[in-house]
Amino acid sequence: MTITQDNSAPLVAVVGATGIQGGSVVRALAESEKPYRVRGFTRDPAKLAALELAKLGVAVVGVSFVVDNKNEAYKAFAGADFAFLVTNFWEHVDFDRELAEGKLLIDAAKAGGVSGIVWSGLPSLSKISGGKFPHAWHYESKALVTEYGRQSGVPFVDVQTGMYETNFLNSPFAPSKQADGSFVVAFPVKPTTVLPVLDAVRDYGLFVRHVLELPVFPNGAEFVAYEKNMTLTDLAEQWSQGTGKNIVLAQIPVEQFKQGLEGAGLPPHIVLDLSEVFLVWDEFGWKVPPIPQGLARRPHTWADFVKDTDWSKVLA
Ligand SMILES: NC(=O)c1ccc[n+]([C@@H]2O[C@H](COP(=O)([O-])OP(=O)(O)OC[C@H]3O[C@@H](n4cnc5c(N)ncnc54)[C@H](OP(=O)(O)O)[C@@H]3O)[C@@H](O)[C@H]2O)c1
């Protein structure tokens with residue numbers, strides 16, 4: 001099936017369509033047997049990723065979802081049946097801005113008259129840790145947006161994302177080479193720590209499509225998109241097997257982890273944010289519900305991702 005222009009098909013308006021999550025949503029809808037119209041937002045309709053979307057049949061709309069562009073934002077969802085919403089904390093690393101822009105997206109989707117919102121949230125690590133770790137800003141802001149969305153009066157579903165497997169291509173997740181030729185990924189967590197991993201590029205959209213194709217839009221539901229709960233030990237073992245390199249997950253003290261982040265030039269509030277994320281995973285775990293039954297296909301495994309990824313720069 002391809003994306004249709006037929007007005008009888010539901011229109012899904014996708015924020016972040018040129019990015020990892022939104023792009024995955026667009027491709028999942030394009031793969032579906034059911035027809036969809038898709039409106040994809042970008043700030044730059046001339047960029048390559050936007051031109052690729054247009055080739056798929058996506059109606060590409062240029063708009064910036066920032067608070068001083070409220071009028072344009074409110075017009076963007078007009079006529080859409082469903083909205084997929086995501087914010088990109090890492091572009092600005094600002095808690096207040098992510099919260100404000102997340103709320104703006106919900107207000108704009110509501111103003112456009114959509115009958116369902118799918119939002120990419122994250123849980124409050126402060127709540128999970130009983131207040132012990134309150135500084136994981138990019139989780140807290142998303143959790144507050146989720147609360148706002150649930151009170152919006154528009155049917156609202158949170159489809160959270162597990163750990164992107166692509167994280168392991170970049171600092172602070174990418175391995176560093178040791179003198180003996182092995183590679184080490186060093187985190188302040190036990191190697192038995194379990195993480196829900198996801199090939200977000202290929203599979204996040206599967207979960208959003210699943211929500212949109214349920215017989216009744218599951219207002220209030222929360223899903224986590226992931227393929228498997230994996231210990232870091234298993235992850236390293238399969239990574240080694242798939243690449244022929246010796247990759248080890250090492251536990252380091254949090255202070256050493258923080259020094260590494262500081263050394264990479266991250267600002268202090270982000271050093272604290274990322275450190276607390278790992279400390280919560282270590283002490284409280286990343287607890288996720290079962291993978292929903294009835295996904296349109298199985299998500300890719302970590303072994304698939306290892307096999308299909310070019311590691312030549314990371315494992316050089
Ligand atoms: N890495 C992980 O393991 C992980 C796990 C869970 C959640 N997350 C969350 O994922 C989020 C990022 O999502 P992603 O990976 O899909 O991001 P991404 O690939 O970097 O793409 C960001 C998208 O957002 C759009 N965008 C950003 N600011 C915009 C604005 N002001 N107006 C309109 N569009 C805007 C961009 O569009 P244009 O640039 O084309 O305008 C682009 O399509 C982050 O908030 C992060 O916390 C990450």
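Trainee: Which residues come nearest the ligand?
Mentor: This is a predicted model, where local features need pLDDT of at least 70 and side-chain atom pairs count only at pLDDT 80 or more, while totals for chains, interfaces and linings use all residues. Residues are numbered from 1 along each chain as its sequence is written, and side-chain values use heavy atoms, without hydrogens and water. The ligand has 28 residues around it, each with a heavy atom within 4 Å of the ligand. Of these, the ones that come nearest are T18, T42, R43, T87 and Y164.

Trainee: Which helices and strands each supply at least two residues of the shell around the ligand?
Mentor: Helices (H or I, at least four residues) and strands (E, at least two) are DSSP runs numbered from the N terminus. Two helices and a strand, covering residues 20–31, 137–150 and 163–164, each supply at least two residues of this shell. They are α1, α6 and β7.

Trainee: How far does a polar side-chain atom of T42 lie from an oxygen atom of the ligand?
Mentor: T42 is among the residues that come nearest the ligand, and here its side chain provides the polar atom. A polar contact is a pair of N or O atoms within 3.5 Å. For T42 the distance to an oxygen atom of the ligand is 2.6 Å.

Trainee: Which residue has a polar backbone atom 3.3 Å from an oxygen atom of the ligand?
Mentor: N88 also has a polar atom 3.3 Å from a ligand oxygen, but that atom belongs to its side chain. The backbone atom you are asking about belongs to G16.

Trainee: How much of the area that the ligand exposes when taken alone does the protein bury?
Mentor: Start with the ligand by itself: it exposes 950 Å², an accessible area from the Shrake-Rupley method with a 1.4 Å probe. Of that area, the protein buries 86%.

Trainee: Is G205 buried or exposed?
Mentor: You can find G205 in helix α7, which covers residues 200–212. Buried means under 20% relative accessible area, exposed over 50%, and partly exposed in between (1.4 Å probe, protein chains only). Because its relative accessibility is 1%, G205 counts as buried.

Trainee: How far apart are the C-alpha atoms of G205 and I20?
Mentor: Along the chain, these two residues are 185 residues apart. In space, their C-alpha atoms are separated by 9.4 Å.

Trainee: What is the phi of V93 near?
Mentor: Look in the loop between β4 (82–85) and α4 (95–111) to find V93. This residue is partly exposed, with a relative accessible area of 21%. Its phi is positive, in a residue other than glycine, and lies near 50 degrees.

Trainee: How far apart in space are L104 and L51, C-alpha to C-alpha?
Mentor: L104 is part of helix α4 and, at 6% relative accessibility, counts as buried. In sequence, L104 and L51 are 53 residues apart. Their C-alpha to C-alpha distance is 26 Å.

Trainee: What is the relative accessible area of G62?
Mentor: G62 belongs to strand β3, residues 59–62. It counts as partly exposed, with a relative accessible area of 48%.

Trainee: And how far apart in space are G62 and P45, C-alpha to C-alpha?
Mentor: The sequence places G62 and P45 17 residues apart. From C-alpha to C-alpha, the pair is separated by 5.6 Å.

Definitions and conventions: Polar contact = N/O pair within 3.5 Å; in protein donor to acceptor, adjacent residues only side chain to side chain.
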